[in-house]
Amino acid sequence: MNQGLLDKEKLGFIYKLFKAMQKNNLNYIYRGIFTTNITDNILALAESNLVQKEDPRALRRKVYNVMVEGLQNVTKHQADLETDLENKFGVFVLKKEHYKYFITTGNLIENQDIEKLTGQINQVNGMDKVELKAYHREVLLHGKMSNKGGAGLGLIDMARKSGNKLLYAFEKVDEKFSYFYLHTEIPSKGIEKSTLDPKNPNILKYISALHKMLNQENVLIIFNSYFNQESLMNLLSIIEKQMLENIQQKKRIYNTMVEMFQNIIQHGDDYKETEEGKAGLFYISETDNEFLLNTGNYILNSKIERLTKKLNYVNGMNYKELDEFYDTRLLDFEIDTSKEAGLGIIDIRLKTDGVLEYSFLNIDDKYSFYTLRAKISKN
Amino acid sequence: MEALHIEASEDTPKIYFEPDVEIYLLEGKSLPENAIDFYQPVFDWAQVFFHAKDVPSTIVINFKLDYFNTASSKQIAKLLRIIETSPSNENVTIKWYYDEEDTDMLKAGNRYNKLMNIQFEFIVNKES
(Lines give C-alpha, C1' and ligand atoms only; values in the text may rest on other atoms or scores of the structure.)
Protein backbone atom coordinates (compact mmCIF):
# COMPACT_ATOMS: atom_id res chain seq x y z
CA MET A 1 0.00 0.00 0.00
CA ASN A 2 1.69 3.14 -1.21
CA GLN A 3 -1.05 5.69 -1.04
CA GLY A 4 1.38 8.56 -0.60
CA LEU A 5 3.47 7.69 -3.58
CA LEU A 6 4.06 10.68 -5.85
CA ASP A 7 3.08 10.01 -9.41
CA LYS A 8 5.74 9.96 -12.09
CA GLU A 9 4.86 13.35 -13.42
CA LYS A 10 5.13 15.20 -10.12
CA LEU A 11 8.30 13.38 -9.27
CA GLY A 12 9.61 14.33 -12.67
CA PHE A 13 9.27 18.01 -11.95
CA ILE A 14 11.06 17.86 -8.60
CA TYR A 15 13.88 15.73 -9.89
CA LYS A 16 14.25 17.70 -13.08
CA LEU A 17 14.50 20.82 -11.01
CA PHE A 18 17.07 19.26 -8.76
CA LYS A 19 19.16 17.91 -11.62
CA ALA A 20 19.00 21.19 -13.50
CA MET A 21 20.07 23.03 -10.43
CA GLN A 22 22.81 20.54 -9.62
CA LYS A 23 24.16 20.79 -13.11
CA ASN A 24 24.20 24.54 -13.02
CA ASN A 25 24.92 24.69 -9.34
CA LEU A 26 21.90 26.91 -9.21
CA ASN A 27 21.34 27.92 -5.70
CA TYR A 28 18.53 30.21 -4.90
CA ILE A 29 15.37 31.58 -6.44
CA TYR A 30 12.85 33.90 -4.88
CA ARG A 31 9.67 34.84 -6.64
CA GLY A 32 7.18 37.17 -5.03
CA ILE A 33 6.78 40.61 -3.62
CA PHE A 34 10.06 42.28 -2.72
CA THR A 35 10.06 44.38 0.41
CA THR A 36 13.02 45.86 2.23
CA ASN A 37 12.65 43.19 4.90
CA ILE A 38 12.61 40.35 2.44
CA THR A 39 15.53 41.86 0.56
CA ASP A 40 17.53 42.06 3.78
CA ASN A 41 16.88 38.41 4.49
CA ILE A 42 17.80 37.31 1.00
CA LEU A 43 21.07 39.15 1.44
CA ALA A 44 21.65 37.51 4.81
CA LEU A 45 20.89 34.11 3.34
CA ALA A 46 23.29 34.73 0.49
CA GLU A 47 25.98 35.92 2.81
CA SER A 48 25.78 32.97 5.14
CA ASN A 49 25.06 30.16 2.75
CA LEU A 50 24.99 30.75 -0.91
CA VAL A 51 28.17 32.62 -1.37
CA GLN A 52 30.70 30.02 -0.47
CA LYS A 53 33.13 30.56 2.28
CA GLU A 54 36.14 29.38 0.30
CA ASP A 55 35.67 32.20 -2.17
CA PRO A 56 38.00 35.16 -1.75
CA ARG A 57 36.59 37.92 0.38
CA ALA A 58 36.80 40.40 -2.51
CA LEU A 59 34.63 38.16 -4.66
CA ARG A 60 32.05 37.69 -1.92
CA ARG A 61 31.90 41.44 -1.44
CA LYS A 62 31.37 41.94 -5.16
CA VAL A 63 28.57 39.40 -5.33
CA TYR A 64 26.95 41.02 -2.33
CA ASN A 65 27.16 44.50 -3.82
CA VAL A 66 25.74 43.47 -7.16
CA MET A 67 22.92 41.65 -5.36
CA VAL A 68 22.10 44.79 -3.39
CA GLU A 69 21.85 46.85 -6.56
CA GLY A 70 19.81 44.22 -8.38
CA LEU A 71 17.38 43.76 -5.51
CA GLN A 72 16.97 47.50 -5.01
CA ASN A 73 16.24 47.81 -8.69
CA VAL A 74 13.36 45.34 -8.39
CA THR A 75 12.04 46.85 -5.16
CA LYS A 76 12.04 50.35 -6.59
CA HIS A 77 10.24 49.48 -9.77
CA GLN A 78 7.54 47.16 -8.52
CA ALA A 79 6.07 49.56 -5.98
CA ASP A 80 4.33 51.96 -8.29
CA LEU A 81 2.81 49.47 -10.70
CA GLU A 82 -0.90 49.28 -10.45
CA THR A 83 -1.97 46.14 -12.16
CA ASP A 84 -4.18 43.14 -11.61
CA LEU A 85 -1.87 40.96 -13.65
CA GLU A 86 -1.62 37.54 -12.14
CA ASN A 87 2.09 37.21 -12.59
CA LYS A 88 3.21 40.56 -11.36
CA PHE A 89 5.74 38.94 -9.02
CA GLY A 90 9.35 39.79 -9.46
CA VAL A 91 12.00 37.15 -9.48
CA PHE A 92 15.52 36.97 -8.16
CA VAL A 93 17.99 34.24 -9.07
CA LEU A 94 21.44 33.66 -7.66
CA LYS A 95 23.49 30.78 -8.89
CA LYS A 96 27.05 29.65 -8.97
CA GLU A 97 28.75 27.69 -11.66
CA HIS A 98 32.39 26.82 -11.41
CA TYR A 99 34.09 30.08 -10.61
CA LYS A 100 31.30 32.37 -11.64
CA TYR A 101 28.31 33.83 -9.91
CA PHE A 102 25.22 34.64 -11.94
CA ILE A 103 22.73 37.18 -10.76
CA THR A 104 19.43 37.62 -12.52
CA THR A 105 16.45 39.77 -11.70
CA GLY A 106 13.13 39.95 -13.42
CA ASN A 107 10.32 42.39 -12.84
CA LEU A 108 7.38 44.02 -14.53
CA ILE A 109 7.90 47.41 -16.06
CA GLU A 110 5.74 49.67 -18.15
CA ASN A 111 6.32 49.37 -21.87
CA GLN A 112 6.90 53.10 -22.10
CA ASP A 113 10.10 52.69 -20.04
CA ILE A 114 11.67 50.15 -22.37
CA GLU A 115 13.33 52.67 -24.61
CA LYS A 116 14.89 54.63 -21.78
CA LEU A 117 16.16 51.50 -20.06
CA THR A 118 17.59 50.09 -23.26
CA GLY A 119 19.42 53.33 -23.86
CA GLN A 120 20.85 53.39 -20.35
CA ILE A 121 22.03 49.79 -20.44
CA ASN A 122 23.59 50.13 -23.87
CA GLN A 123 25.38 53.24 -22.76
CA VAL A 124 26.75 51.47 -19.71
CA ASN A 125 27.73 48.41 -21.73
CA GLY A 126 29.63 50.58 -24.15
CA MET A 127 31.99 51.88 -21.49
CA ASP A 128 35.21 50.48 -20.15
CA LYS A 129 36.24 50.53 -16.51
CA VAL A 130 37.73 54.00 -16.56
CA GLU A 131 34.83 55.49 -18.46
CA LEU A 132 32.35 53.88 -16.09
CA LYS A 133 34.10 55.40 -13.12
CA ALA A 134 34.05 58.84 -14.65
CA TYR A 135 30.43 58.46 -15.69
CA HIS A 136 29.49 57.27 -12.23
CA ARG A 137 31.00 60.38 -10.70
CA GLU A 138 29.36 62.62 -13.25
CA VAL A 139 25.90 61.19 -12.66
CA LEU A 140 26.42 61.31 -8.93
CA LEU A 141 27.41 64.97 -8.98
CA HIS A 142 25.50 66.45 -11.85
CA GLY A 143 23.14 63.82 -13.15
CA LYS A 144 19.53 64.68 -13.36
CA MET A 145 17.86 62.43 -10.88
CA SER A 146 14.72 60.68 -11.94
CA ASN A 147 11.96 60.16 -9.41
CA LYS A 148 13.05 56.52 -9.25
CA GLY A 149 16.22 57.55 -7.51
CA GLY A 150 18.86 57.93 -10.17
CA ALA A 151 19.81 58.31 -13.77
CA GLY A 152 20.62 54.64 -14.02
CA LEU A 153 22.99 54.87 -11.08
CA GLY A 154 22.05 51.34 -10.06
CA LEU A 155 22.88 50.06 -13.50
CA ILE A 156 26.23 51.82 -13.50
CA ASP A 157 26.99 50.33 -10.11
CA MET A 158 26.04 46.85 -11.21
CA ALA A 159 28.29 47.11 -14.24
CA ARG A 160 31.16 48.50 -12.20
CA LYS A 161 30.92 46.01 -9.36
CA SER A 162 30.38 42.95 -11.50
CA GLY A 163 33.16 44.00 -13.85
CA ASN A 164 30.99 42.67 -16.59
CA LYS A 165 28.40 43.60 -19.18
CA LEU A 166 24.73 43.73 -18.34
CA LEU A 167 22.57 41.36 -20.26
CA TYR A 168 18.94 42.27 -20.63
CA ALA A 169 15.72 41.18 -22.22
CA PHE A 170 12.14 42.36 -22.36
CA GLU A 171 9.23 40.03 -22.70
CA LYS A 172 5.95 41.63 -23.56
CA VAL A 173 3.05 40.75 -21.29
CA ASP A 174 0.32 43.01 -22.64
CA GLU A 175 -0.21 46.48 -24.09
CA LYS A 176 1.02 48.12 -20.95
CA PHE A 177 3.57 45.86 -19.33
CA SER A 178 6.63 43.77 -20.03
CA TYR A 179 8.97 41.66 -17.97
CA PHE A 180 12.39 43.19 -17.71
CA TYR A 181 15.20 40.70 -17.15
CA LEU A 182 18.59 41.85 -16.10
CA HIS A 183 21.48 39.48 -15.86
CA THR A 184 25.11 39.76 -15.02
CA GLU A 185 27.94 37.47 -14.10
CA ILE A 186 30.77 37.91 -11.69
CA PRO A 187 33.91 36.11 -12.67
CA SER A 188 36.49 35.37 -10.06
CA LYS A 189 40.17 34.49 -10.08
CA GLY A 190 42.23 36.29 -12.62
CA ILE A 191 39.53 36.91 -15.17
CA GLU A 192 39.97 40.60 -15.74
CA LYS A 193 38.14 41.14 -18.97
CA SER A 194 34.44 41.06 -19.45
CA THR A 195 33.42 37.69 -20.73
CA LEU A 196 29.71 38.12 -20.99
CA ASP A 197 28.34 38.57 -24.45
CA PRO A 198 25.26 40.75 -24.04
CA LYS A 199 23.70 39.10 -27.03
CA ASN A 200 24.20 35.49 -25.96
CA PRO A 201 20.87 33.94 -26.93
CA ASN A 202 21.33 30.89 -24.70
CA ILE A 203 21.28 32.85 -21.49
CA LEU A 204 18.26 34.83 -22.56
CA LYS A 205 16.46 31.67 -23.50
CA TYR A 206 17.37 30.08 -20.23
CA ILE A 207 16.11 33.01 -18.17
CA SER A 208 12.81 33.25 -19.95
CA ALA A 209 12.24 29.47 -19.80
CA LEU A 210 13.03 29.46 -16.11
CA HIS A 211 10.64 32.29 -15.41
CA LYS A 212 7.90 30.55 -17.37
CA MET A 213 8.40 27.39 -15.36
CA LEU A 214 8.26 29.34 -12.12
CA ASN A 215 5.07 31.07 -13.18
CA GLN A 216 3.53 27.84 -14.36
CA GLU A 217 4.17 25.95 -11.15
CA ASN A 218 3.60 29.10 -9.15
CA VAL A 219 6.87 28.60 -7.31
CA LEU A 220 7.50 31.04 -4.49
CA ILE A 221 10.90 29.99 -3.33
CA ILE A 222 13.53 27.51 -4.34
CA PHE A 223 16.51 26.77 -2.19
CA ASN A 224 19.13 24.37 -3.42
CA SER A 225 22.19 24.46 -1.31
CA TYR A 226 23.55 23.13 1.93
CA PHE A 227 20.96 22.43 4.54
CA ASN A 228 22.00 23.65 7.93
CA GLN A 229 20.45 25.51 10.84
CA GLU A 230 21.70 28.85 9.58
CA SER A 231 20.09 28.52 6.15
CA LEU A 232 16.89 27.33 7.80
CA MET A 233 16.73 30.39 10.03
CA ASN A 234 17.29 32.74 7.09
CA LEU A 235 14.67 31.05 4.95
CA LEU A 236 12.21 31.18 7.85
CA SER A 237 12.73 34.92 8.17
CA ILE A 238 11.81 35.29 4.52
CA ILE A 239 8.65 33.24 5.04
CA GLU A 240 7.76 35.20 8.16
CA LYS A 241 7.83 38.41 6.18
CA GLN A 242 5.51 37.14 3.48
CA MET A 243 2.17 38.83 3.52
CA LEU A 244 -0.20 36.03 4.32
CA GLU A 245 -3.55 36.98 5.72
CA ASN A 246 -4.10 33.78 7.59
CA ILE A 247 -1.82 33.55 10.62
CA GLN A 248 -2.54 29.89 11.18
CA GLN A 249 -1.51 29.07 7.60
CA LYS A 250 1.69 30.99 7.97
CA LYS A 251 2.47 29.21 11.23
CA ARG A 252 1.84 25.87 9.61
CA ILE A 253 4.11 26.63 6.68
CA TYR A 254 6.76 27.73 9.16
CA ASN A 255 6.25 24.62 11.26
CA THR A 256 6.35 22.22 8.35
CA MET A 257 9.46 23.88 6.96
CA VAL A 258 11.27 23.46 10.25
CA GLU A 259 10.40 19.78 10.54
CA MET A 260 11.18 19.00 6.90
CA PHE A 261 14.45 20.91 6.97
CA GLN A 262 15.65 19.49 10.26
CA ASN A 263 14.71 16.05 9.04
CA ILE A 264 17.16 16.45 6.18
CA ILE A 265 19.83 17.94 8.43
CA GLN A 266 19.57 14.93 10.75
CA HIS A 267 18.80 12.09 8.37
CA GLY A 268 19.86 13.10 4.88
CA ASP A 269 22.85 11.35 3.39
CA ASP A 270 25.49 13.06 1.38
CA TYR A 271 26.21 11.98 -2.09
CA LYS A 272 29.44 13.80 -1.69
CA GLU A 273 30.89 14.59 1.70
CA THR A 274 30.58 18.20 2.69
CA GLU A 275 31.28 20.05 5.86
CA GLU A 276 28.71 22.73 5.37
CA GLY A 277 25.66 20.55 5.56
CA LYS A 278 23.61 18.14 3.55
CA ALA A 279 22.91 19.06 -0.06
CA GLY A 280 19.22 19.33 -0.70
CA LEU A 281 16.42 21.03 -2.50
CA PHE A 282 13.52 22.83 -0.91
CA TYR A 283 10.77 24.67 -2.66
CA ILE A 284 7.34 26.07 -2.00
CA SER A 285 4.72 26.40 -4.67
CA GLU A 286 1.15 27.52 -4.56
CA THR A 287 -2.12 26.48 -6.17
CA ASP A 288 -5.53 28.10 -5.82
CA ASN A 289 -6.33 25.87 -2.87
CA GLU A 290 -3.08 24.99 -1.20
CA PHE A 291 0.57 25.58 -0.53
CA LEU A 292 2.89 22.75 -1.48
CA LEU A 293 6.08 22.24 0.48
CA ASN A 294 8.61 20.01 -1.21
CA THR A 295 11.97 18.63 -0.26
CA GLY A 296 14.44 16.52 -2.17
CA ASN A 297 17.60 14.95 -0.84
CA TYR A 298 19.83 11.90 -1.14
CA ILE A 299 19.40 8.99 1.18
CA LEU A 300 21.09 5.62 1.47
CA ASN A 301 19.23 2.81 -0.25
CA SER A 302 19.50 0.81 2.94
CA LYS A 303 17.19 3.26 4.71
CA ILE A 304 14.38 3.17 2.18
CA GLU A 305 12.51 0.17 3.51
CA ARG A 306 12.23 1.47 7.05
CA LEU A 307 11.34 4.99 5.93
CA THR A 308 8.65 3.68 3.57
CA LYS A 309 7.09 1.68 6.38
CA LYS A 310 7.13 4.71 8.64
CA LEU A 311 5.55 6.98 6.02
CA ASN A 312 2.88 4.46 5.12
CA TYR A 313 2.11 3.85 8.77
CA VAL A 314 1.64 7.55 9.47
CA ASN A 315 -0.25 8.09 6.20
CA GLY A 316 -2.66 5.31 7.10
CA MET A 317 -3.84 6.97 10.31
CA ASN A 318 -6.78 9.26 10.82
CA TYR A 319 -6.50 12.42 12.88
CA LYS A 320 -7.44 10.82 16.17
CA GLU A 321 -5.00 7.97 15.71
CA LEU A 322 -2.24 10.39 14.79
CA ASP A 323 -3.00 12.51 17.81
CA GLU A 324 -2.78 9.49 20.11
CA PHE A 325 0.37 8.30 18.40
CA TYR A 326 1.89 11.71 19.08
CA ASP A 327 1.04 11.38 22.80
CA THR A 328 2.69 7.98 22.96
CA ARG A 329 5.82 9.17 21.21
CA LEU A 330 5.99 12.38 23.22
CA LEU A 331 6.23 10.41 26.44
CA ASP A 332 8.49 7.74 25.01
CA PHE A 333 11.72 8.97 26.55
CA GLU A 334 13.55 5.95 25.17
CA ILE A 335 13.50 7.64 21.77
CA ASP A 336 15.32 10.79 22.70
CA THR A 337 18.59 11.63 21.03
CA SER A 338 19.91 14.81 19.47
CA LYS A 339 18.96 13.26 16.14
CA GLU A 340 15.56 11.92 16.85
CA ALA A 341 12.55 12.65 18.98
CA GLY A 342 10.35 10.39 16.86
CA LEU A 343 7.77 13.11 16.34
CA GLY A 344 8.68 14.95 13.15
CA ILE A 345 6.66 13.05 10.56
CA ILE A 346 3.66 12.68 12.87
CA ASP A 347 3.69 16.40 13.49
CA ILE A 348 3.91 17.24 9.78
CA ARG A 349 0.94 14.93 9.11
CA LEU A 350 -1.06 16.49 11.96
CA LYS A 351 -0.49 20.05 10.78
CA THR A 352 -0.81 19.59 7.03
CA ASP A 353 -3.67 18.38 4.89
CA GLY A 354 -3.92 14.98 3.31
CA VAL A 355 -1.29 12.30 3.13
CA LEU A 356 2.41 12.98 2.73
CA GLU A 357 3.43 12.26 -0.82
CA TYR A 358 6.84 10.76 -1.34
CA SER A 359 9.02 8.94 -3.80
CA PHE A 360 12.43 7.37 -4.11
CA LEU A 361 14.39 7.54 -7.31
CA ASN A 362 17.30 5.18 -7.57
CA ILE A 363 20.58 6.93 -8.35
CA ASP A 364 23.08 4.11 -8.01
CA ASP A 365 23.96 1.09 -5.83
CA LYS A 366 24.25 3.20 -2.76
CA TYR A 367 21.98 6.22 -3.06
CA SER A 368 18.48 7.27 -3.97
CA PHE A 369 16.85 10.64 -4.34
CA TYR A 370 14.06 11.03 -1.82
CA THR A 371 11.30 13.56 -2.32
CA LEU A 372 8.63 14.49 0.16
CA ARG A 373 5.65 16.75 -0.32
CA ALA A 374 3.27 18.19 2.25
CA LYS A 375 0.18 20.23 1.47
CA ILE A 376 -1.30 23.08 3.45
CA SER A 377 -4.84 23.93 2.56
CA LYS A 378 -5.92 27.55 2.21
CA ASN A 379 -9.45 26.90 3.35
CA MET B 1 18.35 28.74 45.38
CA GLU B 2 20.26 30.23 42.51
CA ALA B 3 18.56 31.71 39.50
CA LEU B 4 18.79 30.36 35.98
CA HIS B 5 19.05 32.89 33.19
CA ILE B 6 19.51 32.02 29.54
CA GLU B 7 19.30 34.76 26.95
CA ALA B 8 17.07 34.21 23.94
CA SER B 9 18.69 33.59 20.60
CA GLU B 10 17.35 33.36 17.09
CA ASP B 11 16.30 29.74 17.63
CA THR B 12 16.15 29.29 21.39
CA PRO B 13 13.86 30.83 24.00
CA LYS B 14 14.68 33.10 26.87
CA ILE B 15 14.76 31.18 30.14
CA TYR B 16 14.31 33.25 33.25
CA PHE B 17 13.93 31.27 36.46
CA GLU B 18 14.36 33.67 39.35
CA PRO B 19 13.17 32.34 42.74
CA ASP B 20 14.07 35.59 44.56
CA VAL B 21 11.38 37.51 42.72
CA GLU B 22 9.24 34.47 42.01
CA ILE B 23 9.39 34.73 38.27
CA TYR B 24 9.61 31.59 36.15
CA LEU B 25 9.46 32.18 32.45
CA LEU B 26 10.14 30.54 29.08
CA GLU B 27 9.62 32.95 26.23
CA GLY B 28 10.15 33.07 22.47
CA LYS B 29 10.95 30.47 19.85
CA SER B 30 12.45 27.06 20.41
CA LEU B 31 13.83 25.24 17.39
CA PRO B 32 17.47 24.51 18.08
CA GLU B 33 19.40 21.92 16.12
CA ASN B 34 20.14 20.09 19.32
CA ALA B 35 17.28 20.54 21.77
CA ILE B 36 18.72 18.12 24.32
CA ASP B 37 21.86 20.20 24.77
CA PHE B 38 19.88 23.39 25.09
CA TYR B 39 17.47 22.08 27.72
CA GLN B 40 20.00 20.14 29.81
CA PRO B 41 20.82 23.10 32.11
CA VAL B 42 17.08 23.62 32.61
CA PHE B 43 16.63 19.98 33.66
CA ASP B 44 19.62 20.22 36.00
CA TRP B 45 18.22 23.33 37.59
CA ALA B 46 14.70 21.87 37.89
CA GLN B 47 15.97 18.65 39.46
CA VAL B 48 17.51 20.64 42.30
CA PHE B 49 14.85 23.32 42.64
CA PHE B 50 11.73 21.16 42.73
CA HIS B 51 13.32 18.68 45.12
CA ALA B 52 14.60 21.30 47.56
CA LYS B 53 13.27 21.46 51.12
CA ASP B 54 12.31 25.12 50.93
CA VAL B 55 10.26 25.04 47.73
CA PRO B 56 7.88 28.04 47.57
CA SER B 57 4.25 27.12 48.21
CA THR B 58 3.15 28.56 44.87
CA ILE B 59 5.20 28.48 41.72
CA VAL B 60 3.77 29.90 38.52
CA ILE B 61 5.68 28.94 35.42
CA ASN B 62 4.89 31.10 32.41
CA PHE B 63 5.17 29.43 29.04
CA LYS B 64 5.12 32.29 26.55
CA LEU B 65 6.35 30.41 23.54
CA ASP B 66 5.33 31.46 20.11
CA TYR B 67 6.79 28.46 18.37
CA PHE B 68 8.55 25.21 19.15
CA ASN B 69 9.65 22.28 17.01
CA THR B 70 9.04 18.60 17.77
CA ALA B 71 12.52 18.14 19.22
CA SER B 72 11.74 20.89 21.76
CA SER B 73 8.29 19.47 22.35
CA LYS B 74 9.88 16.35 23.78
CA GLN B 75 12.23 18.35 25.99
CA ILE B 76 9.30 20.36 27.35
CA ALA B 77 7.61 17.04 28.16
CA LYS B 78 10.75 16.02 30.03
CA LEU B 79 10.77 19.24 32.04
CA LEU B 80 7.11 18.81 32.95
CA ARG B 81 7.77 15.20 33.90
CA ILE B 82 10.51 16.34 36.30
CA ILE B 83 8.03 18.72 37.91
CA GLU B 84 5.21 16.19 37.94
CA THR B 85 7.28 13.54 39.67
CA SER B 86 8.77 15.92 42.25
CA PRO B 87 7.37 16.28 45.77
CA SER B 88 6.39 19.87 45.05
CA ASN B 89 4.23 19.15 42.00
CA GLU B 90 1.11 20.48 43.70
CA ASN B 91 2.71 23.87 44.25
CA VAL B 92 3.08 24.41 40.53
CA THR B 93 0.78 26.10 38.05
CA ILE B 94 1.68 26.27 34.38
CA LYS B 95 0.40 29.40 32.70
CA TRP B 96 0.24 28.61 29.00
CA TYR B 97 0.04 31.69 26.76
CA TYR B 98 -1.12 31.54 23.16
CA ASP B 99 -2.27 33.87 20.40
CA GLU B 100 -5.96 33.67 19.69
CA GLU B 101 -5.44 32.56 16.06
CA ASP B 102 -2.78 30.07 17.03
CA THR B 103 -4.89 27.00 17.70
CA ASP B 104 -1.87 24.74 17.32
CA MET B 105 -0.21 26.36 20.32
CA LEU B 106 -3.40 25.97 22.36
CA LYS B 107 -3.62 22.32 21.30
CA ALA B 108 -0.02 21.74 22.32
CA GLY B 109 -0.79 23.13 25.78
CA ASN B 110 -3.92 21.00 26.05
CA ARG B 111 -1.86 17.97 25.20
CA TYR B 112 0.56 18.56 28.07
CA ASN B 113 -2.36 19.33 30.35
CA LYS B 114 -3.95 16.02 29.46
CA LEU B 115 -0.76 14.01 29.81
CA MET B 116 0.69 15.58 32.95
CA ASN B 117 -0.67 15.72 36.43
CA ILE B 118 0.05 19.41 36.86
CA GLN B 119 -2.25 22.42 37.16
CA PHE B 120 -2.60 24.33 33.87
CA GLU B 121 -4.10 27.73 33.09
CA PHE B 122 -4.58 28.98 29.56
CA ILE B 123 -4.22 32.63 28.74
CA VAL B 124 -4.91 34.33 25.43
CA ASN B 125 -2.30 36.93 24.55
CA LYS B 126 -3.72 40.42 24.45
CA GLU B 127 -3.09 42.38 21.27
CA SER B 128 -0.38 44.84 22.08
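This is a short talk on how chains A and B touch in a predicted model, and on what lies buried in chain A.

I'll begin with confidence. The model has an ipTM of 0.93 and a pTM of 0.84. For chain B, the average pLDDT is 95, and 98% of the residues reach at least 70.

Now the contact between the chains. Chain A puts in 21 residues, and chain B puts in 21 residues. On the chain A side, four helices each give at least two residues: α8 (229–240), α9 (247–267), α11 (319–330) and α12 (344–351). Which of them gives the largest share? That is α9(A), with 8 residues. By type, the chain A side has 10 nonpolar residues, 5 polar and 6 charged.

Next, α12(A), one of those four helices. Of its 8 residues, 6 are buried, so by the cut-off of 20 or more other C-beta atoms within 10 Å the helix is mostly covered. The buried ones are Gly344(A), Ile345(A), Ile346(A), Asp347(A), Ile348(A) and Arg349(A). What covers them? From chain A, the cover includes α9, α10 (304–315), α11 and β10 (367–377). Chain B adds to the cover with α2 (70–84).

Last, the nonpolar core. In soluble globular proteins, nonpolar side chains tend to be buried together. Here the largest nonpolar core holds 112 residues. Leu166(A), Ile221(A) and Phe261(A) have the most contacts inside that core. Two domains of chain A, domain 1 (33–217) and domain 2 (229–377), each contribute at least three residues to the core.

That's the end of my part.

Definitions and conventions. Residues numbered from 1 in each chain as written. Chains lettered and ligands numbered in written order. Predicted model: local features only at pLDDT ≥ 70, side-chain atom pairs only at ≥ 80, totals over all residues. pLDDT = per-residue confidence, 0-100. Contact = placed C-beta atoms within 7 Å. Nonpolar A, V, L, I, M, F, W, Y, C, P; charged D, E, K, R; others polar. Core = buried A, V, L, I, M, F, W, Y, C linked by C-beta atoms within 7 Å. Buried ≥ 20, exposed ≤ 12 C-beta atoms within 10 Å, placed from the backbone. Domains from an automatic or database assignment.
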